[in-house]
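Please walk through the sequence and the structure shown here, from the overall arrangement down to single residues.

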Protein chains: 2
Amino acid sequence: MDLMEQETRLTESQPVPHDHAATPGTLRPGGRTAKVRRAVLDATQDALADTGFHALNMDRIAASAGVGKTTVYRRWGSPVGLVTDLLHDMAEQSLPAADTGGLTGDLRANAELVRDTLTDPRMGAVFRAVIAAAACDEECARALAAFYRTRLAEWAPVVTRAAARGEIPGGTDPVELLRAVSAPLYYRFTITHEELTGAVTERAVTAALAAARDGAFLRE
Amino acid sequence: MDLMEQETRLTESQPVPHDHAATPGTLRPGGRTAKVRRAVLDATQDALADTGFHALNMDRIAASAGVGKTTVYRRWGSPVGLVTDLLHDMAEQSLPAADTGGLTGDLRANAELVRDTLTDPRMGAVFRAVIAAAACDEECARALAAFYRTRLAEWAPVVTRAAARGEIPGGTDPVELLRAVSAPLYYRFTITHEELTGAVTERAVTAALAAARDGAFLRE
DNA sequence: CCCTTAATGGGAGAATGGTTCCGTTAAGAT
DNA sequence: ATCTTAACGGAACCATTCTCCCATTAAGGG
């Protein structure tokens, strides 16, 4: 709850964007302010899941969050600002990595987590929207990158343990291997918009493992 | 020039979207109509390169293309419609695949083509925009998928020849291998927004090759 | 418990983006 | 060469989105 929005708008570059207070929500983050943020972010996620990023609209968010629209404009500034803060919020709620005892199992668990997330009607839509927003705005892109940095760091031990067990070469870069597992899934999700079947995830795991064993992901 | 826009808008689902003619530009694709399309698509690409997808605006496109804005609205309907048609247009201009004599060289050429495209200030921005648009609209997503289907089909022979030479197992799925080369690059481009260095492309090639040799991409 | 003021919220007004109308231009057919 | 009409384009029109002003509410400090 402390790394919330630093600057909501960046289309305008005026030194003092609003009337008084530097950035609303930081100086007096009392119960009401927090409640407003929660309601707005929930409404944002709902809207993204329902209608996607292109239809994201400040007024509607304000209405469905039961919040004054002035507040939404003041604190978040734009649809992209909403998504960016949603990303910060999502980065905070982390769920722990798997530990099946073997690298194959762990990577499979990771791939299936990604698959389940992206194929879930609600979450899939949210991620699509978030990726679209990141493509439109630099600040949002940073938030998205930070989100995945967090996620990947959580899973890195899976690879480190496997290296310790001798399943893969010693100097293997954990993040690099995890990215290799995710990449084919995200490629299909964002570029070719293909269905993410079980075969696809399995193949992603197999291929990444083969490359890792071959030393393709050695830290340089 | 024949597989141009089939239906420009799909936000509304009325059987006859416009006053008369089914879809403008198809019944009488004379010199003027073609010129207008060229001017509009060029202006669209410029706008995407300059300001990105979120700022894509029909009025401005019309103005900078030197075309009536009514025409732009009538033929393309929305910013997403513009991007979709631009994708159809891009799919038509194909550049041939490499043939260096070895699979490693060919895949490296492919990876570097992708990298050069995505790191090019103009083209990179266009692709970013196109990916964002595809995340917002189903029709646009289909156009993007078709674009990459075309591209990948052009490069498939590279893999087929390598299999014939015995560099990789016989039943290797060409498209699957090519996707494996591209995926890490696009993952960084769209998700983590990392810089695409030479090391990244090289690693993408090495990893994909190792997996291919290991039979990870065998057609099932 | 009261006071100060950060933060919210309603509503009016401005701006931007999108639509429609209808006259004009030129592609394709005879 | 002439005719028909698909397609274009200017301008007025309408809707939505955004911004600003100011009264109201409640967080945090005494």
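To compare copies of a chain, the copies are superposed by least squares on the C-alpha atoms of residues with pLDDT of at least 70 in both. By that procedure, a rotation of 180° with 0.0 Å of shift along its axis places chain B on chain A, with an RMSD of 0.0 Å. This is the relation of a two-fold axis. The residue of chain B that comes closest to the rotation axis is B:A132, whose C-alpha lies at 2.1 Å.

The model is predicted: local features need pLDDT of at least 70 and side-chain atom pairs count only at pLDDT 80 or more, while totals for chains, interfaces and linings use all residues. Residues are numbered from 1 along each chain as its sequence is written, chains are lettered from A and ligands numbered from 1 in the order in which they are written, and side-chain values use heavy atoms, with hydrogens and water left out.

How do the two copies meet? Of the interface residues of chain B, 100% are also interface residues in chain A, so the copies meet through the same surface.

Next comes the fold of one chain. Helices (H or I, at least four residues) and strands (E, at least two) are DSSP runs, numbered from the N terminus. Chain A has nine helices and zero strands. Chain A has 220 residues, and buried ones make up 51% of them; buried means under 20% relative accessible area, exposed over 50%, and partly exposed in between, with a 1.4 Å probe and protein chains only. Contact means heavy atoms within 4.5 Å. Among the contacts in chain A with a separation of 6 or more, 71% join residues 24 or more positions apart.

The interior can be followed through its nonpolar core, a set of buried Ala, Val, Leu, Ile, Met, Phe, Trp, Tyr and Cys residues joined through side-chain atoms within 4.5 Å. The largest such core has 146 residues, and those with the most contacts inside it are A:V40, A:F53, A:L177, B:V40, B:F53 and B:L177. Leaving aside neighbours within four places in sequence, A:L177 is in contact with residues including A:L103, A:V159, A:I168 and A:F217.

A:L185 belongs to helix α8 of chain A and is buried, at 0% relative accessibility. Beyond its neighbours within four places in sequence, A:L185 is in contact with A:A111, A:V114, A:L196, A:V200 and A:T201. The C-alpha atoms of A:L185 and A:L118 are 8.8 Å apart, although 67 residues separate the two in sequence.

The DNA is the next stop. A residue is near a strand if one of its heavy atoms lies within 4 Å of it. DNA strand C is surrounded by 26 residues, the closest being A:R28, A:T70, A:T71, A:R74 and A:R75. Of the atoms of DNA strand C that come within 4 Å of the protein, sugar and phosphate account for 56%. The surface near the strand divides into eight nonpolar, nine polar and nine charged residues; Ala, Val, Leu, Ile, Met, Phe, Trp, Tyr, Cys and Pro count as nonpolar, Asp, Glu, Lys and Arg as charged, and the others, Gly among them, as polar.

Which parts of the strand do individual side chains approach? An N or O atom in the side chain of A:T70 is 2.7 Å from a base oxygen of DNA strand C. For B:T70, the distance from a side-chain N or O atom to a base oxygen of that strand is 3.4 Å. B:Y73 instead has a side-chain N or O atom 3.3 Å from a phosphate oxygen of DNA strand C. The elements that give two or more residues to this surface are α1 (31-51) and α3 (69-76) of chain A, together with α2 (58-65) and α3 (69-76) of chain B. The largest share, five residues, comes from α3(A).

B:R75 lies in helix α3 of chain B and is buried, with a relative accessible area of 5%. A polar atom of the B:R75 side chain is 3.2 Å from the backbone oxygen of B:T33.

In the loop between α7 (138-165) and α8 (174-192) of chain B sits B:T172, which is buried with a relative accessible area of 5%. The side chain of B:T172 reaches the backbone oxygen of B:P169 at 2.8 Å.

Last is a backbone detail. Most residues other than glycine have a negative phi. A:H193 has a positive phi of about 50° although it is not a glycine. A:H193 lies in the loop between α8 (174-192) and α9 (198-213) of chain A and is partly exposed, at 24% relative accessibility. In chain B, B:H193 also has a positive phi of about 50°, and its relative accessible area is 25%.

Key:
A polar contact is a pair of N or O atoms within 3.5 Å; within protein, one must be able to donate a hydrogen and the other to accept it, and residues adjacent in sequence count only if both atoms are side-chain atoms.
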